[in-house]
Amino acid sequence: MAERMLKFVGTPQAMPDKRPAAERRRDFDEIYERYARDKAAEQAARCSQCGVPFCQVHCPLHNNIPDWLKLTAEGRLDEAYELSSATNNFPEICGRICPQDRLCEGNCVIEKGFESVTIGSVEKYITDTAWDRGWVKPIQPRRERPESIGIVGAGPAGLAAAEQLRRKGYQVAVYDRYDRVGGLLIYGIPNFKLEKEIVQRREKLLRDSKVTFHLNCEVGRDVTLEELRDRHQAVLVATGVYKARDIAAPGVGLTGIAAALDYLTTSNRHGLGEMTAAFESGLLDAKDKNVVVIGGGDTAMDCVRTAVRQGAKSVKCLYRRDRANMPGSQREVKHAEEEGVEFVWLSTPQAFLGKDAVSHVRTVRIHLGMPDASGRQMPQEIPNSHFNIEADLVLMALGFDPEDLPAMLAAPDLGVTGWGTLKIDWRSMMTNLDGVFAAGDIVRGASLVVWAVRDGRDAAERIHSYLTTKVQAAQRIAAE
Ligand code: FAD
Ligand code: SF4
Ligand code: SF4
């Protein structure tokens, strides 16, 4: 092993080639090229095969990273794929969009002074290669089971659960209010981070595996949760969180001020070849506009970078804390800066100015004060520090809360937490309704794709235990 691995001393870290910013600004294609085979093997060989791999500990899926890195370094890519897909339903998606700097790579303890192994890029390389070579095959369960499971939500949590349950032979039906499969993977996250074909080939794989999809079907409107409980032996709710947070500032209702997700969804629909009134009318098109995005998370980063690609005149991001204290990935900030985005740190909007449509954001400077109960320094406005920023389009990216789930699903007895997320028993992942389980953002609050996958997999296991226990109990009673 030592011969091939532990190359971090002589081999510097190298991400796959990144397209020049000037080129990236003109299209919505992904920004990284793929590793060449030799490069992937060379980078994988930098791993020092730690006895206690902190990368694995800090990956929410506990992926067997050191082993698939070693297999990649040895050119045994088919085995690397088998191993990496055993713990992750969408390795090529996580490899692209996990904030690795906060998860696996951020905890790579290769050796002080050396940069981490490029785990995400290698993971993506392994599975993209597997797709190219036809190793990714539809599921053929060893035995079919008669029980059927209804899944509400075709985002990563619902899809991961669907795949795992189908592997066990269950009949799986997925319901989604959208017209496409993928949840935020398709309508939230922009193409330059995750090309839509990557999600669509996963959808096809699930369809070829005989998972059925009922799209344009909103549970609570087109079918009730109660009806699904009658139709299926178990139901999984994986509906995500979509209620955009707002701020109460004068002028917030002016034309030209929009919610970040409406903007991103419109842009994604446009990219998928659809005509939408919001885009065609220019309302949610940043072309030739001065754009101001408010917020410092992943959604804000996606908005600023989308606006650049739509041909905005200027793009500014206002965030009330500083760079070191922002929730978004540092890697994304770097990409955004390269692409021409200006960050206005330590600032917050006080009012939106304009006659009918917004023309300026009245902004005030912030000073970070004493830490609050969570340990984060409290933003405090600096008196008389106002200034105006020109703006024709303002995008609010302040985070998301859950909708009113019992009302939305027409299930008044469904238990929720004080935050409005679904209340589950964490051991069984079941809600207070018998046979109704929940997973993903609707349980955790706005989180990450990798956590949604983890929850979907866990929920599939719990549903399987629930159903097998039920079947065994029924058999016992019949035998008595
Ligand atoms: P979702 O992906 O939200 O899917 C829920 C699905 O349920 C949707 O398809 C919705 O239509 C459907 N649904 C809702 N209500 C109903 C109903 N009543 N009936 C039928 N269907 C319903 N995470 C990362 O790891 N990396 C990133 O780079 C990243 N970027 C992001 C960028 C943006 C703009 C946003 C908003 C989020 C981003 N995230 C990112 C977070 C990530 O997308 C989510 O954590 C993840 O998608 C949650 O998965 P989910 O399956 O729980 O929910
Ligand atoms: Fe890292 Fe995400 Fe892959 Fe885990 S799933 S190894 S956190 S990129
Ligand atoms: Fe390899 Fe880094 Fe993981 Fe250690 S922490 S096993 S060096 S990838």
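**Close-up 1. K210 sits in the loop between α10 (196-208) and β3 (212-214).** This is a predicted model, as are all the views that follow. The backbone is what to look at here: K210 has a phi near 75 degrees, a positive value in a residue other than glycine. K210 is also exposed, with a relative accessible area of 60%, and the cut-off for that label is over 50%.

**Close-up 2. A410 is another non-glycine residue with a positive phi, this one about 50 degrees.** Look for A410 in the loop that runs between α16 (405-408) and β16 (436-438). Is A410 buried, exposed or partly exposed? At 37% relative accessibility, A410 counts as partly exposed, because that label covers values between 20% and 50%.

**Close-up 3. Ligand 3 and the residues around it.** The shell takes in C47, S48, C50, P53 and C55, then P66 and L69, then C108, V109 and I110, and finally V117 and I119. Sorted by class, that makes 11 nonpolar residues, 1 polar residue and no charged ones. Cysteine goes in the nonpolar group under the scheme used here, so C47, C50, C55 and C108 add to that side of the tally. Two of these cysteines can be placed by accessibility as well: C47 is buried at a relative accessible area of 8%, and C55 is buried at 12%. As for disulfides, the count comes to 0, with a pair of cysteine sulfur atoms having to lie within 2.5 Å to qualify.

**Close-up 4. Ligand 2 and the residues around it.** Around ligand 2 you'll find C59, N63, I65, N88, C94, C98, Q100, L103, C104, I119, E123 and V450. What is the make-up of this shell by class? The shell has 8 nonpolar, 3 polar and 1 charged residues. I119 is worth picking out, since it is listed around ligand 2 and also around ligand 3.

**Close-up 5. Helix α15 (residues 330-338), from its cap to the glycine that follows.** At the N-terminal end, S329 does the capping: one of its side-chain oxygens lies 3.2 Å from the backbone nitrogen of R331. Along the helix, the buried residues are E332, V333, H335 and A336. Seen down the axis of α15, these buried residues fall within an arc of 160 degrees, so they line one face of the helix. The general rule behind this kind of pattern is that an α-helix has 3.6 residues a turn, so residues three or four places apart point the same way. The cover over the buried residues of α15 includes α1 (21-24), α14 (298-309) and β9 (342-344). After the helix comes G340, with a positive phi near 105 degrees.

**Close-up 6. R19, in the segment before α1.** R19 is an arginine, but it is buried, with a relative accessible area of 8%. Its side chain makes a polar contact with the side chain of E23 at 2.8 Å. Not counting residues up to four places away in sequence, R19 touches R24, D27, D29, E30, I31 and E33.

**Close-up 7. Q310, in the loop between α14 and β8 (314-318).** Q310 is buried, with a relative accessible area of 10%. What lies 2.8 Å from a polar atom of the Q310 side chain? The backbone nitrogen of A286 does. Leaving aside neighbours within four places in sequence, Q310 is in contact with F28, Y263, S267, F279, L284, D285, A286 and K287.

Note on methods:
Residues numbered from 1 in each chain as written. Chains lettered and ligands numbered in written order. Predicted model: local features only at pLDDT ≥ 70, side-chain atom pairs only at ≥ 80, totals over all residues. Heavy atoms only, no water. Near = heavy atom within 4 Å. Buried < 20%, exposed > 50% of the residue type's maximum accessible area, 1.4 Å probe, protein only. Helix = DSSP H or I, 4+ residues; strand = E, 2+ residues; numbered from the N terminus. Arc of directions from axis to C-beta. Contact = heavy atoms within 4.5 Å. Polar contact = N/O pair within 3.5 Å; in protein donor to acceptor, adjacent residues only side chain to side chain.
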